[in-house]
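Student: Please take a close look with me at one part of this protein, and then show me how that part sits within the whole chain. I'm at home at the bench, so give me the cut-off behind each term as you go.

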Amino acid sequence: MESTSVVPGAQAIARAAKLLRLVTSSGLDGASLQELAGSAGLSRSTAHRLLSALRAEGLVDRDESTARWMPGPELFLMGSVAAARYDVTALARDIVRSLAVKTEESAFLSVRRADETVCLLREEGSFPIRSFVLSEGVRFPLGVASAGLAILAFLPDHDVDAYLDRHPELATTWGRSHGVAPLRTRLAETKERGYGVNPGLIVEGSWGLGAAVFDRSGRPEWALSLTGVGFRFGPDRIGELGRTLLAHAHQLSARIAGSRR
């Protein structure tokens, strides 16, 4: 792949793309210029210039009353076209719902996008105490949330090595438990067990289980996951939850393999 230093205009495109991802992951309330500039590592003036250019193309919008930036109408149109090729939510929706009903926990479908996972679907379980770490549009680096842990664990070893080399900041950003050694230990446990476990590493007391979902070629491109309060994921129940999660993940993998996408 050519670096951004030799492709004319690539740096500006990369910065604009990063801002787009930040805007789309900011939820219904949008994000302020200061928040976007800080997260993108840009000056306020540079961020404003790029956002204004994106707004002129309809890719982002700005709420005049709050001055917060939000996804624009062109993104909806582009997404509608891209969904025909990339979106598996229609195939997964009833499976995610079944997972939530059978476990009584919140169930999710996430997709791999480069070095991150993005939540596509959320289905609430019936248990009244819930975890709100994950919702539609939320992104996490691979290996952090349970969905990304499951996906990373089943990537080829050289891809895992390359990912860890690219992201030495994981321990600094997400805590020492995301350093290379403990993360590799969790990846090995995930591969052996078949599903990943996040024992409250993002938010204390909020646990997650994740199982990879594979494409036709056998690559882990999606994941199903469950989240809930820690006492619901005790040793007497976690095995049952894991088996149920794996069964639903296998069902979705088979359905994707049998589709014409």
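Tutor: Let's start with strands β3 (residues 106-113) and β4 (residues 116-123), which pair in the antiparallel sense over seven bridges. Here a strand is a DSSP run of E with at least two residues, a helix is a run of H or I with at least four, and both are numbered from the N terminus. Two strands count as paired if DSSP finds at least two bridges between them. This is a predicted model, in which local features need pLDDT of at least 70 and side-chain atom pairs count only at pLDDT 80 or more, while totals for chains, interfaces and linings use all residues. Residues are numbered from 1 along each chain as its sequence is written, and side-chain values use heavy atoms, with hydrogens and water left out.

Within this pair, valine 111 has valine 118 of β4 as its bridge partner. The two strands form a hairpin with two residues between them. One residue to look at in the turn is alanine 114, which lies in the loop between β3 and β4. Its phi is near 55°, a positive value in a residue other than glycine. Alanine 114 is exposed, with a relative accessible area of 60%. On this scale, buried means under 20% relative accessible area, exposed means over 50%, and partly exposed lies in between, using a 1.4 Å probe and protein chains only.

The strand leading into that turn has other surroundings. Seven of the eight residues of β3 are buried, so the strand is largely enclosed by the rest of the structure. Besides β4, β3 has a partner in strand β8 (residues 220-229), and these two pair in the antiparallel sense over six bridges. Across that pairing, phenylalanine 108 stands opposite serine 225 in β8. As a general reminder, side chains in a regular strand alternate between the two faces of the sheet.

Now step into β4, where threonine 117 is found. Threonine 117 is buried, with a relative accessible area of 3%. Leaving aside neighbours within four places in sequence, its contacts include Ser110 and Val111, along with Val138, Arg139, Phe140 and Leu142. Contact here means heavy atoms within 4.5 Å. Threonine 117 also contacts Ala147, Gly148 and Ile151.

It helps to set this hairpin beside another one. Strands β6 (residues 196-199) and β7 (residues 206-214) run antiparallel and are joined by four bridges. Proline 199 has tryptophan 207 of β7 as its bridge partner. That hairpin has six residues between its strands, and glycine 200 takes a positive phi near 75°.

Alanine 67 also has a positive phi, about 65°, although it is not a glycine. Alanine 67 lies in the loop between β1 (60-62) and β2 (69-71). With a relative accessible area of 29%, alanine 67 is partly exposed.

For a view from a helix, try leucine 183 in helix α9 (residues 180-193). Leucine 183 counts as buried, at 0% relative accessibility. Not counting residues up to four places away in sequence, leucine 183 touches Gly143, Leu149, Leu164, Leu170, Ser177 and His178. In helix α1 (residues 10-24) you will find leucine 22, which touches Leu36, Ser39 and Ala40 when residues up to four places away are set aside.

Finally, zoom out to the whole protein chain, which has 10 helices and eight strands. Its radius of gyration is 19 Å, close to the 18 Å that the globule rule gives for 261 residues, so the chain is as compact as a globular protein of that length. That radius is taken over C-alpha atoms, and the rule is 2.2 Å times the number of residues to the power 0.38. Along its principal axes the C-alpha trace spans about 55 × 40 × 35 Å. Of the 261 residues, 44% count as buried. Among contacts with a separation of 6 or more, 56% are between residues 24 or more positions apart.
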